[in-house]
Amino acid sequence: MFARLPDTTGARIAISIDGETVDARAGDTVAAALFAAGRGACRSTPVTGAPRGPFCMMGVCFDCMVEIDGRPNQQGCATRVAAGMRIVTQRGARAIATPDAESP
Amino acid sequence: MTVLDVAIVGAGPAGLAAATLCAAHGLSTSVYDEQDAPGGQVYRGITASPLARPEILGDDYWGGAGLILPFVRSGARYVRGASVWSVARRDDGAFALAITQGPAAARATTSVVARAVILATGALERPFPIPGWTLPGVLTAGAAQILLKTAGVVPRGQTVLAGCGPLLWLLAWQYLRAGVAVTALLDTTPHGRLAQALRHAPGFMMSPYFAKGRDLVRAVRRNVRVVEYVESLAIVGSDAATAIRYRTRDAEESLPVDQVLLHQGVVPDVNLAGAAGCALEWRDLQACFAPAVDAWGGTTVPGLFVAGDGAGIAGAEAAPALGRLSALAVANALGRIDADARQRLARTPRNALAHALRGRTFLDTLYRPAAAFRIPVGDTIACRCEEVSAATIAQLAHDGCAGPNQMKAYTRCGMGPCQGRMCGLTVTEIIAAEQRRTPADVGHYRSRFPVKPVALADLAAMPVSPEAEQAVVRAPDH
């Protein structure tokens, strides 16, 4: 379990994770916001369904993939949070994207 | 299409220093970086730290700020949030780069032409394939440090650090300063390694790392339980890590954990250089592949340079000097300075480099990870993306699989989204061990463009030009 140092600076914004409204710090990556909200897991793998969470935090491992504002398989560690952002954790493989899914 | 003089990939210490000097010599210079602020991983977050107590991170981190202002004032163009996924040498000797930039909702893919390219793509953490390393709650120490640097996010509860190398100790020290409890540090540095390394101690004692490193390790030892000579590690849990089991020569113990932070050094990220056709070579002391480079960072592809840790681990103190040397070589190649000026101007960075490299052999020898932590066995996952076990790879190697590229075809290892960055070294070393060959002989995955996953829609939206077409054709084998 991770948590934010209480004296961390920066404005707070509201985002949602799996429908639950949580606080993030403006400037956080999505993966950092997940950890700050006490969540270390964010998906299960397409191959065996094994649970995974962000691992490298620098864009290399792709274990932090989540759905962001309707777009699946986004790297949480490479995406900044924005007020009102909707983050949904993933189970297994994503469906092939269709033009409709690309613009919800 | 306008032609840049030089395109630099990466805005860490090597890229920033290279860009600043290229611009000073009047070269039109663009820097492309995946992050949205300069600094690379080592100085991540340095322009927008969230920490109310910046001293937590230590003076070495803040020393990186000295690279930022000269870069900002240099006139080099800085393109943030940009992923360079192809660097192809054209028939005329210039390079076509394919670049995807921007957040998912407003992404643009473009092509840029540059007369010379400096790759400053740095390092990534060496894979640490042990049982349970894919479980949530297991992160690299570098990842945990990025959480601290960029978000002020720290572990709570039972936290075990395991592995070896300077970053592991630095993170423990930073946590101490931040008031974060560390349950234990499980040190995997093997027996006898210190004695071997001490042969190189005279160099190390004159190095910039010596006094700082000694004080830092002492401070950690005073405050954290350190278990030395750990020979085996296994992380236990079903939905997340709940315990770590370790074994030393005379003890075995299981520690309950909320998180495990793993680290056993860093290795060059070779995917872009490899795909661009640069010859890679095995560096045995550092147990990794790196592009073959000359004294200026020049690769086997004319006009393509690699500077900083991407050309072999030299550290953050050496990176700016390496970046400046590549910049001087580019300025010379493009006719801005003659060979005499290049030699003369290289003296300062060469002296800085020699100073920064003192003690590197000591550190490389001391912290070369034990084979048991580089070459997994049994059910341990080697390829995280495609979930291929060590036993599967060893069995196919035993049955005569020719090498890493054929292993991809057999198992899909290295073919997931990370494109082999998390398993390349592991797969090479398993094959080498099984077939009693050297890693140099086995070789590395042949990486291909795009070196980062690109959505088909982004490819389709590319403006079609000869450069764009050339950026996506297969690079010739070298």
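A salt bridge is counted here when a side-chain nitrogen of Lys or Arg lies within 4 Å of a carboxyl oxygen of Asp or Glu. In this predicted model, that rule gives 26 salt bridges over all chains. Side chains of opposite charge can pair when their charged atoms come close.

One such pair in chain B joins Glu317(B) to Lys212(B), with an N to O distance of 4.0 Å. The contact links distant parts of the chain, 105 residues apart: Glu317(B) sits in the loop between strand S20 and helix H10, while Lys212(B) belongs to helix H8. Glu317(B) is partly exposed, at a relative accessible area of 35%, and Lys212(B) is likewise partly exposed, at 36%.

A further bridge brings the closest N and O atoms of Arg225(B) and Glu253(B) to 2.8 Å. Here the partners are 28 residues apart, with Arg225(B) in the loop between H8 and strand S12 and Glu253(B) in strand S15. Relative accessible area is 38% for Arg225(B), which is therefore partly exposed; Glu253(B), at 28%, also counts as partly exposed.

Turning to buried partners, Arg421(B) and Asp269(B) form a salt bridge at 3.4 Å between their closest N and O atoms. This pair spans 152 residues, from the loop between helices H15 and H16, which holds Arg421(B), to the loop between strand S17 and helix H9, which holds Asp269(B). Because buried means under 20% relative accessible area, Arg421(B) qualifies at 7%, and so does Asp269(B) at 15%.

Salt bridges also connect residues of both chains A and B: Arg43(A), Arg52(A), Asp63(A) and Arg384(B) are linked in a network.

Conventions:
Residues numbered from 1 in each chain as written. Chains lettered and ligands numbered in written order. Predicted model: local features only at pLDDT ≥ 70, side-chain atom pairs only at ≥ 80, totals over all residues. Heavy atoms only, no water. Helix = DSSP H or I, 4+ residues; strand = E, 2+ residues; numbered from the N terminus. Buried < 20%, exposed > 50% of the residue type's maximum accessible area, 1.4 Å probe, protein only.
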